[in-house]
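Student: I would like a close look at the backbone in the turns and loops, please. Where should I look, and what should I notice?

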Amino acid sequence: MPTNSKPEKIPLVSLDVAPPEGQQYKELYEGHRVYVRKTQGVFQRLRRNIAVPLMLAFFLLPWLQIDDHQAVFLDVIEQKFYVLWWVFWPQDTILLASLLIIAAFALFAVTVWAGRVWCGFTCPQTIWTSIFIWIEDFCEGDRNRRIRLDAAPWSLEKIRKKASKHILWGLVAVATGTTFIAYFYGMVPLVKDLATAQISLESFLWTLLFVVLTYLNAGYMREQVCKHMCPYSRFQSVMYDQTTLMVSYDEKRGDPRGPRKARSDYKKDGLGACIDCDWCVQVCPADIDIRDGWQAECINCGLCIDACDNVMERMGYQKGLIRFASALDLGGFWQRFKQPRMLGYSLCLVLMSGLFLNNLGGREPLSIDVIRDRGVHLYRERNGQIENVYTVKLNNMSDRPMEVQLGLAAKQGFSLSGRRKHYLEAGEVFTVPLRISIPAEGLAKSNYQIAISATHSGNAEAKIEQKVAFIAPVKS
Ligand code: SF4
Ligand code: SF4
């Protein structure tokens, strides 16, 4: 609803400090420096409410221990992947593949529905850039102060402000880099090894690399990463259709633009609702003017909506001059799901999620792999018996010890010799030779399908089997 609160306080563009022209603000990349203005509003709040839990999860998860292991831990050396109470092995690659496919379809569906909202609200690059901008704002002041500070000659005050900013940036970068490496190294050993200088040179260099990348990406490169380095930003525009919700400027309502006196009847003056204050441009982390139309660089963060709504409110105009809208401007939430592309992505997403949950629920904590022993002949005859030798590889993929009983699920006449009962420690891979025999007399053919079973005491008493071939002499 429009309000008439304090319209005279609208700061027009002339009240702002413009960044100096020229090349004196060149960053690590080629281009001018973006001084992002702070804004408040619905989307800024939403971004904060999404970013804070994500960041807390990122920083705290490596400190959390579950059943004597780190809650989320990618043990590259042991080839194990701990996620809360689950332990995944290389044999579970299919689950990981399903998860990646689900994530891809979720991203496609969200992009068709609302463009680059992933970039604007949840992408780590966006979140870390926001943290670094917040620190910049805290140490050097708001946008205008930062511009003046950069233009001013070096002084003790300027050194103090710049130094405090870089120290805080550095601390965040160190916390981020070490936390990221802790997901692969283990948080407690990493902190211990770093503190006692026991860490290997390779691990130290990896940690340093992520610290430096965080510092450069969030501190300096910022929107350049989204524009030129992110592969997702390159292909996402092909997923849009006419119903995709994009942050859009209502040209019909806004143009012609121009400054005016507060409370004036701008329509009589031949003006539109846009007062040309430039706030929507100044708050944009992607450094674009949304009034020029949709642009691939726009990350749909909604900050220009917040900025413009604040201006509209102060002017006593209706909000929504910049808003989420599609080319058709359907306006209905559910209508978007009726689009064929959206339906297709959503269907795939539901199917893959169902498949993944089914696989996860039916996942066995024990794997069995039976291979014929290549060290002997195809078969051997002994005491009137035909014998085949196999190597059975058992893998306890759970995080607790397990008792395994080997057996034979075969047609009558086959017998198994060798030790049947085995005790596997948590995560142990155990290899055992196994002999299977059948009386030579009465053999009807030269090749039989048999199955070796493993009954285990995992989560519940369960049995898994693997089929193998049993080779006998060819009957003449
Ligand atoms: S669109 Fe809104 S924020 Fe942008 S210049 Fe016009 S009035 Fe200002
Ligand atoms: S144009 Fe608006 S929505 Fe797009 S990136 Fe800039 S501030 Fe965010």
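Tutor: Start with the hairpin of β3 and β4, where Q79 takes a positive phi near 55 degrees. This hairpin has 4 residues between the strands. This is a predicted model, in which local features need pLDDT of at least 70, side-chain atom pairs count only at pLDDT 80 or more, and totals for chains, interfaces and linings use all residues. Residues are numbered from 1 along each chain as written, chains are lettered from A and ligands numbered from 1 in the order written, and side-chain values use heavy atoms, leaving out hydrogens and water.

On either side of that turn, β3 covers residues 72–75 and β4 covers residues 80–83. They pair in the antiparallel sense over 4 bridges; pairing takes at least two bridges found by DSSP. Follow the ladder and you will find V72 opposite V83 in β4. Helices (H or I, at least four residues) and strands (E, at least two) are DSSP runs numbered from the N terminus.

Why do such phi values catch the eye? Most residues other than glycine have a negative phi, and most peptide bonds are trans.

Now move to the loop between β9 (380–382) and β10 (385–396), which holds N383. N383 is not a glycine, yet its phi is positive, about 50 degrees. At 77% relative accessibility, N383 is exposed (over 50%; buried is under 20% and partly exposed in between, with a 1.4 Å probe and protein chains only).

Next, go to the loop that runs between α11 (251–254) and α12 and includes P256. The peptide bond from D255 to P256 is cis, and its omega is near -5 degrees. D278 is found in the loop between α11 and α12 as well. D278 has a positive phi of about 75 degrees, although it is not a glycine, and with 24% relative accessibility it counts as partly exposed.

Beyond α12 (279–282), the loop leading to α13 (303–315) contains D289. D289 is buried, because its relative accessible area is 16%. Leaving aside neighbours within four places in sequence, D289 is in contact (heavy atoms within 4.5 Å) with V281 and Q295.

While you are there, look for ligand 2. Among the residues around it (a heavy atom within 4 Å) are P285, A286, I288, I290, C298, I299, N300, C301 and G302. V247, C284 and C304 are also around ligand 2.
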